[in-house]
Amino acid sequence: MDTTKTPAPNAAEADTQVDLEKSETTQDAAAEAQADADLAAATDADAALTDADLDDDFAEDQADAEQTGHVGSAAFAIVSAGLSVVALSGSWVAGIVSERASIAARLELSQAADANAQIAAQFVDPWHTTAMVNGVFSALALIIATFVLALPAFSTPERTLPTWVRSVSWAGIGLGALGILLFVLMYFDLLLAIPKAAA
């Protein structure tokens, strides 16, 4: 009978092995926790990025809509200022209508017409016709400029026109009002008296 005993393992080696197993288990748990944290951070970053992209897209859409509205307002403001300048300086339309009125008045004259009738046919009728055409241009300029300035009141409260658009619109209103005033003075012969022939 063999009475040889297997030597018991060294206690220090057993403790070391247990510590190694615990250390490996702790490292595995820490690695899993770190992986979970990284995954959660990546998910949060993706969600934040998606929200930021949506906000940027929405802001860009609003900016494009406002820019489009400003382009239309600016175009109308320039048109109103141009019409008022044309009304004050004269246009080919006023020239053509004036010539037509002069020819029509001359054709209606009789051979025995006096000098005052000839003056009226050659100067007064074309003068009044030119004043009327310029008055129509001035009225259009005034209406368009007023529409441009009043447009933000009927849209979103945050919408405001650029400064230069408002300035051009006010210029159109001022010149249009001046054109209408000149139309009244010319059409009713308040600016210059009609010349009269001597008896």
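Which residues in H4 are buried? I looked up H4 and found Val 165, Ser 169, Gly 172, Ile 173, Gly 176, Gly 179 and Met 186 (buried means under 20% relative accessible area, exposed over 50%, partly exposed in between, with a 1.4 Å probe and protein chains only).

Notes on the source: this is a predicted model, where local features need pLDDT of at least 70, side-chain atom pairs count only at pLDDT 80 or more, and totals for chains, interfaces and linings use all residues. Residues are numbered from 1 along each chain as its sequence is written, and side-chain values use heavy atoms, with hydrogens and water left out.

Next, the core. I found that the largest nonpolar core has seven residues: Leu 83, Ala 87, Ala 94, Val 133, Phe 137, Ala 141 and Ile 144. Such a core is a set of buried Ala, Val, Leu, Ile, Met, Phe, Trp, Tyr and Cys residues joined through side-chain atoms within 4.5 Å. Helices H1 (11–89) and H3 (115–150) each give two or more residues to this core, and H3 gives the most, with four. Helices here are DSSP runs (H or I, at least four residues), numbered from the N terminus.

Then I went to the rings. I counted three aromatic pairs (ring centres of Phe, Tyr or Trp, its six-membered ring, within 6.5 Å; planes under 30 degrees apart are stacked, over 60 edge-to-face, the rest tilted). Phe 76 and Phe 147 have ring centres 6.2 Å apart and planes at 80°, so I logged them as edge-to-face. Phe 76 sits in H1 and Phe 147 in H3, 71 residues apart. Phe 76 is partly exposed, at 43% relative accessibility.
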